[in-house]
Structures are given as C-alpha cells and as structure tokens.
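Grab a pencil and work through these exercises with the structure open beside you. Try each task before you read its solution.

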Amino acid sequence: MSENRLRVAVTRRIFPELIDFLRARYEVRDNQADAPLSPQALREHLRDADGVLATGGDRIDAALLEACPRLKVVSNIAVGYNNIDLDACTAYGVAATNTPDVLNEATADHAWALLLAAARRVGEAERFVRAGQWKRWEFEMLMGADLYGRTLGIVGMGRIGRAIARRAQGFAMRVLYHNRKPLPSELAGAAEYRSLEVLLAEADHVIVVVPYSPQTHHLIGARELARMKPSAVLVNIARGGVVDDAALVEALRARRLFAAGLDVFENEPALNPAFLALDNVVLTPHIASSTRATRQAMADLAIRNLEDVLAGRRPAALLNAEVWDRRRR
Ligand code: 8YV
C-alpha cells in the first residue's frame, strides 16, 4: 500500500462498483473471497487501515483496536451495532457509525413476509406440494391463523417497528407496542402502549424488533412465551439472543405457540438444529434488509459515513458522539 493515500479495509464482499468507487479515493483492502474473518484474520485485515467498512458479523473490540493504531472510523453496514464495543471505540478515539433509516421499509416488509408465511403455513404447504403429497382437496387442509382484524404486538417500536405498524393498518389490525417508555403520540399513532407482560398476553401475534444488548438478552424466554396465546405467531427480525431459541423450540414442539417466523438466531449461521425438524417455524438466513435497493442504500450511507470521518466532517450516523473532539486524526 502506498504511503500517502488513506487506507480502507472492507471486511466482506460488497457490490464491485462500490469497491471501484473506493479504489478511486483510497488504498483498498477488500475480501473478494467473502470468507467471514476470524478475530485474528480481522486484525490482520485492518492492521494498517484508516477506516473500515464492517458488517454485523465483525467483532470490533478493544483487542482489535489496540492492534490497529491508524484506525479512525468503523463504519458498520448495518443499523444494529451490537458487534461494536462502543466504549472501546471511544476510548481509542475511533468514530463508529451505522446505517439507520435506509433499511426500515425492506426490513418491515420482511417481518410481514415472515408473519404471513408462518400464520398461513406457506413453508409447510410448499414442502407438502413439492413432496407430491397433494392428492386431493380437503376441507381442513393446512388451516392457518388469522391476521386480518386481529391484534398485533410490536416489541421495540423504533423506526422499523413503526414501519411494521403502518403496514398493520391494511390488515385492520389493532397495534400494541412495548418500549422502555411510551412514545410521544405523534410517533405512536394509533398504537397503544403496554407492558411486555400485558402485550404478550393480549396480542394475537407478536413481532420482536429490539436491538440486542445485555439488557435484551433472552427478553423473550420460556416465561414470556408461556404468556402468549397458543394461537399466536412470534416473529423475530431483531437479533439472535433476544429470543431464547431453546425455549422457543420447546414451545413450538409442544404447540404452546401456533408458529414462529425467524430471520435471526443465537449463534447464527449455526442455528439450533431442533428448528429444522419443526413444521411450524419459517426460517430465513438474516435477509430482512436484503433487497438490491436497500443494500445499495446501506452501502452508500456507510461509505458516506466513512468518507466524512476521514475528511474530518462529522458523519450523519455517528454512534459515539462523545469521541468527536477526542478522535484520532
Ligand atoms: C445486516 C442487520 O444485513 O442492519 C442490521 O442490523 O441486521 C442487517 O441489515 C447485517 O447486520 C449485516 O451487516
């Protein structure tokens, strides 16, 4: 790498034209092989970088920052940032950024795709047809759960939660939500605040959208699942670990819950194998934000955040504002 140009590392494959854009401005170390980087490989990859475009699977912690003395910005191509130790970034003078807003609508669409698919048993029905098991029409065949006119519970009424709530209007659903505290009415709209316990018991179906943190670890565990209606669908598009997957497997197996739709898992991509044997769960591989336009918008924002920091401008989506005056330059 030449001495005078700033150096940018990209941890996973992104659109090639974005790499070209970066190469026109920086020395770029990319990862065309797209193999997820182990902590040691990540340290190697970032060792002499001024900035990094990271993804949710890259653990950015004090040990890594200690090994990367030039690093000035960690730009996550994700809205979630539980992979980043923000305190460590601040301590090392490294700005951390994320990609809020640009993925709200695609992610809300996917939450609904999972809710509809789990409620109407789309995955199970498709497997049935493909296996050649459809021999005749039957009155009670693959009966699903109703959504229209029912009550939807949203755990985590942030930007994505509110995009999910807007879609509920088309299904004439009453919306309940739970947050740490109630929202101002202009943000809550028609949605009604409930404690988590009451929401779980009152909602016909529940979508979980809270960020992962030690405080939300296993927010939905055996006790919470037991509060839900046996006719309910649970959707998790938040993060693995917000739902206790082992407890969910038990609830689904015992039919104490009608179905689940999951895009995220504890220890993904190695999910609990018991899910694979269950018909009443729809599984997708962490793709809620994966549309062409949304991926483009996420990468564009992440690159803008990175460029801003490297040019000395305060980025729009700075996560650790307190670092700004004490940042590495
Ligand atoms: C990403 C996500 O695809 O933005 C997030 O927080 O979970 C997804 O949109 C994933 O984190 C990869 O960076």
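**Exercise 1.** Find where the ligand's oxygen atoms meet polar atoms of the protein.

*Solution.* Start with glycine 56: one of its backbone N or O atoms lies 3.0 Å from an oxygen atom of the ligand. Keep in mind that this is a predicted model. Next, go to arginine 239, where a polar side-chain atom sits 2.7 Å from a ligand oxygen. Then check arginine 295, whose side chain has an N or O atom 3.2 Å from an oxygen atom of the ligand. Finally, look at how covered the ligand is: on its own it has 330 Å² of accessible area, and the protein covers 85% of that.

**Exercise 2.** Sort the shell around the ligand by residue class.

*Solution.* First list who is there: the residues around the ligand include Thr55, Gly56, Ile77, Ala78, Val79 and Gly80. Carry on along the chain and you also meet Leu103, Arg239, His286, Ser289, Arg295 and Met298. Now sort them: you should get five nonpolar, five polar and two charged residues. Glycine goes in the polar pile here.

**Exercise 3.** Split the chain into its domains and describe how they touch.

*Solution.* Begin with the bounds. The domain assignment gives domain 1 as 7–102 + 292–323, and domain 2 as 104–283. Their centres, taken over C-alpha atoms, are 31 Å apart. Next, count the contacts: seven residues of domain 1 touch six residues of domain 2. Then turn to area: about 560 Å² is buried between the two domains, 43% of it on carbon and sulfur atoms. On the domain 1 side, Asn82, Asp101 and Thr294 lose the most area to domain 2, together 67% of what that side buries.

**Exercise 4.** How many salt bridges are there between domain 1 and domain 2?

*Solution.* The count is one salt bridge. To test the pair aspartate 101 and arginine 159, compare their closest N and O atoms, 3.7 Å apart, with the cut-off of 4 Å. Aspartate 101 and arginine 159 do form a salt bridge. For polar contacts, the interface of domain 1 and domain 2 has two residue pairs.

Key. Residues numbered from 1 in each chain as written. Predicted model: local features only at pLDDT ≥ 70, side-chain atom pairs only at ≥ 80, totals over all residues. Heavy atoms only, no water. Domains from an automatic or database assignment. Contact = heavy atoms within 4.5 Å. Buried area = accessible area lost by both parts, 1.4 Å probe. Salt bridge = Lys/Arg side-chain N within 4 Å of Asp/Glu carboxyl O. Polar contact = N/O pair within 3.5 Å; in protein donor to acceptor, adjacent residues only side chain to side chain. Near = heavy atom within 4 Å. Areas by Shrake-Rupley, 256 points an atom, 1.4 Å probe, with all protein chains shown as cover.
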